[in-house]
Amino acid sequence: MALILRVLLLAFACCFVVAKPGKVIELDERLNEEKVYKHGGTWVVMFYAPWCGYCQKMKPAWDALATQMGGSNIHVAKVDLTKYPTVGEHHKVEGLPTVKMFHDGEVYNYEGKRDTPSLVEFIRRVTQPPVGNITDLPTLKNIEKSHNVFFVLAFSAGRSSQMKTRYHKAASKLRLSGNFFDTVSKPVMEKLNVATTPSLAVFRDGQSVLYSDKNVSQAALEEWLAAEKFTFCPHLDDHGIYDYIHTKRPLVMALIGKVRSSLEQKLADHVRFIAYGQSFSSDFYFATTDEQKLVRRLLLRFVSKPSLIVWDFEMKTFWQYPKDDYEGVSQQDVENFLTAIKTGEIAPSGGEGFFRRFFRMWWLMAEMVLDVYEASPWVVLACGLVLFGTLVFCVVVMCSEDPEKAEARGAAIAERNQLRRETPGGFYNTEKEEGGSEEDEGDNEEEDEEAKAAREKGKLKQS
């Protein structure tokens, strides 16, 4: 029965797409069917739109990924949401481009860089077991070279362990962002300075931190693993910074340039030295970044380089070092600033108040328009012309008058002017100027003294 089911699924997949090996497969609305995305093999799908500038920029990396995955059981595909909008609704696509991977009945969202190596690493993490095994010292050496941060659970072979069960479960959940291993090798344990089993430790930039509580809950273990997966002071890009979104520690960022000046390098060194120390490691994360636009979006204000910012993802609040001139700022000054934040001496800015959320909405909308303009200027110009044309049309419609009403109003004005001319002592001088002709409705005639006297006399009679 299982064999028949596999044959049917394979036949359905062959009917679903027709593509050459190493080419990107074009999908349609049949991706909404559960038997395809849950039981139809492993698919990596990009949801895109032809007008999206970011989608166009990602196309070379996506084509290269398809070529690299050619001949494997990984299907690289894409679906045009302008043709099949129900696919985006079904799979809850909120932005473009969006990459999702369908593997073993599970759906994995990609949030990394839009380049081929990062996509390949994403596929590797999903398709391989979440926990690798360190069998010997050469394997450990290769892991230390390839990973700045990794976790190792040392346990005794042949013995059941609640810690091992919880560790594997947590690693499966965090597989996209962490590096998890286990070992039963005595030489490996000695190299890692592990004396007892089971023992769990994180190894980061040549240092290790032992997980002490062996009777902790599953939730607490996952929280610890998620909190300890970061290096001491990485340099973050616009994607890497979002790895910290669900953390509970504030992130200390030194905003510097891509080409660092001596002043920017000095500030980055201060942050790095503090990060490697023990005084603030349990209270803050530390990083450097040159993503000025990203920091501006977090703070909703313009920020110059260099700057020292502390951002709290949980509360959406921030602290900014009060000095604009960083020339005389020392490491001790930075430490005093962080201590004041810990003790509550410095109040944070930002937050989630009504006016702050309203302001964030408009700020991010303006940023989005600028991003779209940078990626696809013609889209913004076309939308602007449509809006301008709509505005002009509305103004014309509102200001225009019905022809019948306009004719009636003109007749009423003419009749009123005629009555004024015929009324003695009226406001209009009906006499013709010498050598001239009678003007229509007397608009441009100059009143003589006799007409003025008659008008004043009429006013007195009325009073």
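1. In this predicted model, one open sheet comprises 5 strands arranged in the order S1-S3-S2-S4-S5, and the pairing is mixed. Strand S1 (25–26) and strand S5 (106–110) occupy the edges; each has a single partner strand, so one side of each is left without a neighbour in the sheet.

2. Within this sheet, strand S2 (residues 42–48) pairs with strand S4 (residues 98–103) in the antiparallel sense, over 5 bridges. The register may be checked at Met46, whose bridge partner in S4 is Val99.

3. Helix H3 (residues 53–68) lies across S2, strand S3 (74–80) and S4. Relative to S3, helix H3 runs at about 155°.

4. A further open sheet is formed by 5 strands in the order S6-S8-S7-S9-S10, again with mixed pairing. Its edge strands are strand S6 (131–133) and strand S10 (207–211), each of which pairs on one side only. From one strand to the next, the twist averages 30°.

5. Strand S9 (residues 199–204) and S10 run antiparallel and are joined by 5 bridges. On this pairing, Leu200 stands opposite Tyr211 in S10.

6. Turning to helix packing, helix H7 (residues 162–173) and helix H9 (residues 218–227) pack at an angle of about 55°, their axes being 10 Å apart. The two helices are therefore oblique to each other, and H7 passes H9 in a right-handed crossing.

7. Which residues make the contact between H7 and H9? From H7 the contributors are Met163, Arg166, Tyr167, Lys169, Ala170 and Lys173, while H9 supplies Gln218, Leu221, Glu222 and Leu225. By class, the residues of this contact divide into 5 nonpolar, 1 polar and 4 charged.

8. Helix H10 (residues 262–276) and helix H12 (residues 331–343) also pack, with axes that come within 9 Å and cross at roughly 60°. That angle makes H10 oblique to H12. The crossing of H10 past H12 is right-handed.

9. The H10 side of this contact consists of His270, Phe273 and Ile274, and the H12 side of Gln331, Val334, Glu335 and Leu338. These residues of the contact of H10 with H12 divide into 4 nonpolar, 2 polar and 1 charged.

Definitions and conventions
Residues numbered from 1 in each chain as written. Predicted model: local features only at pLDDT ≥ 70, side-chain atom pairs only at ≥ 80, totals over all residues. Heavy atoms only, no water. Axes fitted to C-alpha atoms, helices over the stretch in contact; angles between N-to-C directions. Helix = DSSP H or I, 4+ residues; strand = E, 2+ residues; numbered from the N terminus. Parallel < 35°, antiparallel > 145°, perpendicular 65-115°, else oblique. Left-handed = near helix turned anticlockwise from the far one by under 90°. Contact = heavy atoms within 4.5 Å. Nonpolar A, V, L, I, M, F, W, Y, C, P; charged D, E, K, R; others polar. Pairing = 2+ DSSP bridges.
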